[in-house]
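Me: I'm new to this one and would like a close look at a single part. Could you walk me through the loop spots where the backbone does something out of the ordinary?

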Amino acid sequence: MSNPSADAVAVSRHQPRRPPLAAAVVQSLATAIVLGEYPPGTALPSAGDLCEQYEVSRTVIREATTTLSEKGLVATRQGWGTVVLDQEQWSLLDPLILDALFQRKDRLFFLDNLIEIRTTLECAMSARAARVIEDAQLAALSSKLDELATLRDDPAAYSRADIEFHEIIHRASRDAFGRAIVSSIQGKAVRSPQYSGDPTREDIELTHQAHARVAAALLARDADAAAEAMRDHITSAWARRRPLGTSGT
């Protein structure tokens, strides 16, 4: 029988962890880059200046710079130092980058884009789920809809159960990539007040009716109806809570 402790030690030798201080520096610099404090094409402060700014060692700054490079945010250029890269090269699905994007002044553009992505992926997942969903998953979906009905006076609880309702459909679709993309983006977006909004009792009632239509289509195993119900649900809900203003470009 293998020794779990010994195995864990062996794994850790091959998977060095970033120092906690480096993680803090990465979060700070990544946010600053995404928010435009260091525009593309400009160089970050020198290692010495960053050491002084964050009160850390050069080793920590090297670790942080390596991580920023892995995220596509910076690259080391001979004679220039560590240079900020264009947004096209950023790993936009990275949690730190997503979190910062939803803090930007033009975040509404990214939130609108998120809704477009959700609509495309979740309509396809709903249609696929209608074709392959198992009886146990249909029962779970019906049970979750019943739970949602009891939470219509509790916006926070309803929102949590709402996400779980969608996750049942995602899992039933067996679309691993679609599920991962929606989960990674929405997981950060829900922390943005502009995305979540401040739903009224009427808003929740309309959302619940939409959930019921989605569930009914899945229970009927009607792929076209499931896709259409999901499209109407996502776009209508966003139209109700979307802040005033344009998305920008």
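Reply: Sure, let's start with the outside and work our way in. About 13,800 Å² of the protein chain is exposed, and carbon and sulfur atoms supply 53% of that. Keep in mind that this is a predicted model. Of the 249 residues in the chain, 41% are buried. You'll find twelve helices and two strands here, and from the N terminus on they run α-α-α-α-β-β-α-α-α-α-α-α-α-α.

Now for the backbone. Most residues other than glycine have a negative phi. With that in mind, take E55: its phi is near 55 degrees, a positive value, and it isn't a glycine. Where does E55 sit? Look in the loop between helix 3 (47–54) and helix 4 (58–70). E55 counts as exposed because its relative accessible area is 73%, and the cut-off for exposed is over 50%.

Further along the chain there's R221, again not a glycine, with a positive phi of about 55 degrees. This residue belongs to the loop between helix 11 (201–219) and helix 12 (223–241). R221 has a relative accessible area of 37%, so it is partly exposed.

To place these loops in the whole, picture the C-alpha atoms filling a box of roughly 65 × 60 × 30 Å along the principal axes. Among contacts between residues at least 6 apart in sequence, 72% join residues at least 24 apart. As for charge, the chain carries 28 positive and 33 negative side chains, and the centres of the two sets are 3 Å apart.

Terms used: Residues are numbered from 1 along each chain as its sequence is written. This is a predicted model: local features need pLDDT of at least 70, side-chain atom pairs count only at pLDDT 80 or more; totals for chains, interfaces and linings use all residues. Side-chain values use heavy atoms; hydrogens and water are left out. Helices (H or I, at least four residues) and strands (E, at least two) are DSSP runs, numbered from the N terminus. Buried means under 20% relative accessible area, exposed over 50%, partly exposed in between (1.4 Å probe, protein chains only). Contact means heavy atoms within 4.5 Å. Accessible areas come from the Shrake-Rupley method with a 1.4 Å probe; for residues, only the protein chains shown count as cover. Lys and Arg count as positive and Asp and Glu as negative; His and the chain ends are not counted. The place of a charge is taken as NZ of Lys, CZ of Arg, CG of Asp or CD of Glu.
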